[in-house]
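Welcome to a short walk through a protein. Open your viewer, get ready to select residues, and follow along stop by stop.

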Amino acid sequence: MGGETAKTRLTGVLERIGAACRACGRDPSAVTLVAVSKFHDASAVAELAAWGQTIFGESYIQEALPKIEAAPAGLSWHFIGHLQRNKAKLAVGRFDLIHTVDNVELAHILQKRAAAQQLTQAVCLQVNVAGEAQKSGMAPGGLDALAEAVAACPNLRLDGLMVIPPVFDDPEGARPAFARLRELRDALASRLGRPLPVLSMGMSGDLEAAVTEGATHVRVGTDLFGPRI
Ligand SMILES: *Cc1c(COP(=O)(O)O)cnc(C)c1O
């Protein structure tokens with residue numbers, strides 16, 4: 001029965017993404033669903049994977065590593081949480097995309113480990129668009145310098161930008177933050193002289209607004225797995 005619930009939830013979220021894409025003339029295949037499985041176990045991951053979901057997002061290294069081992073093989077894992085410097089090296093090579101690089105020291109830790117493992121680690125920069133204190137993410141004013149530092153790391157590949165906007169009651173409330181992330185991405189891509197294809201933005205409550213503003217990766221937890229305990 002749990003499997004049926006997973007199917008219904010997954011279908012519902014994919015339909016919402018499809019409807020949002022149709023409403024703004026985007027191709028639904030341009031939007032990747034990252035299923036955020038934090039606080040849900042490997043069997044919940046397996047249920048969703050059985051219905052075709054392949055990309056999963058985790059926020060905590062200690063929770064994620066054993067779950068990845070226990071989950072079906074062949075899935076793609078993304079890291080979407082705040083990456084502490086003392087745990088950062090553990091993420092390298094375990095996640096196909098790390099969404100949350102927000103300082104130069106962290107980039108250098110990832111670079112060092114990726115070089116030691118002789119691999120290229122894909123990363124995004126997390127931006128604190130609203131300049132909220134207490135929140136992870138690089139302020140827009142520091143973004144160029146951070147991007148240049150990451151671009152200079154031979155074993156890191158800079159794919160794009162990620163945002164966690166301030167919380168609003170109205171799902172449209174986050175839309176200016178999503179639009180701002182897209183503008184910052186466009187400016188940075190032209191400064192670096194190459195495309196930055198990824199815009200990681202939108203969650204259960206506001207994925208439509210994010211898709212409308214150009215999200216390529218929406219990170220959905222609650223509406224796929226139910227509430228987190
Ligand atoms: C938990 C989390 C999500 C999922 O949020 P829901 O509202 O449950 O969809 C998305 N992004 C990040 C960074 C998260 O930590």
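Start by selecting S204 together with the ligand: a polar side-chain atom of S204 lies 2.5 Å from an oxygen atom of the ligand. That makes a polar contact, meaning a pair of N or O atoms within 3.5 Å; within protein, one must be able to donate a hydrogen and the other to accept it, and residues adjacent in sequence count only if both atoms are side-chain atoms. Next, add T222, where a side-chain N or O atom is 2.5 Å from an oxygen atom of the ligand. Then add R228, whose side chain places an N or O atom 2.8 Å from a ligand oxygen. On its own the ligand has 390 Å² of accessible area, and the protein covers 87% of that. These areas come from the Shrake-Rupley method with a 1.4 Å probe, and for residues only the protein chains shown count as cover.

A word about what you are viewing: this is a predicted model, in which local features need pLDDT of at least 70 and side-chain atom pairs count only at pLDDT 80 or more, while totals for chains, interfaces and linings use all residues. Residues are numbered from 1 along each chain as its sequence is written, and side-chain values use heavy atoms, with hydrogens and water left out.

**The ligand's surroundings**

How many residues surround the ligand? Select the shell and you will find 13, the closest being K38, S204, G221, T222 and R228. A residue counts as near if one of its heavy atoms lies within 4 Å of the molecule. Colour the shell by type to see six nonpolar, four polar and three charged residues. Here Ala, Val, Leu, Ile, Met, Phe, Trp, Tyr, Cys and Pro count as nonpolar, Asp, Glu, Lys and Arg as charged, and the others, Gly among them, as polar.

**Into the strands and helices**

Now select E58, which is found in strand β2 (residues 55-58). Helices (H or I, at least four residues) and strands (E, at least two) are DSSP runs, numbered from the N terminus. Is E58 buried or exposed? It is buried, with a relative accessible area of 0%; buried means under 20%, exposed over 50%, and partly exposed in between (1.4 Å probe, protein chains only).

From E58, move ten residues along the chain to I68: their C-alpha atoms are separated by 9.6 Å. I68 belongs to helix α3 (residues 61-70) and is buried at 17% relative accessible area. Draw a line from I68 to F79, eleven residues away in sequence, and the C-alpha distance is 12 Å.

Another stop is M162 in strand β6 (residues 156-163), a buried residue with 0% relative accessible area. V218 is 56 residues from M162 along the chain, and the two C-alpha atoms are separated by 10.0 Å.

**Out to the surface**

Select K112 in helix α5. K112 is exposed, with a relative accessible area of 66%. Its C-alpha is 29 Å from that of T54, with their positions 58 residues apart in sequence.

Follow the chain to Q118, in the loop between α5 (104-116) and β5 (121-127). Check its backbone: phi is near 55°, a positive value in a residue other than glycine. Q118 is exposed at 74% relative accessible area.

Where does Q134 lie? Look in the loop between β5 and α6 (143-151). Phi of Q134 is near 70°, again a positive value in a residue other than glycine, and Q134 counts as exposed at 84% relative accessibility.
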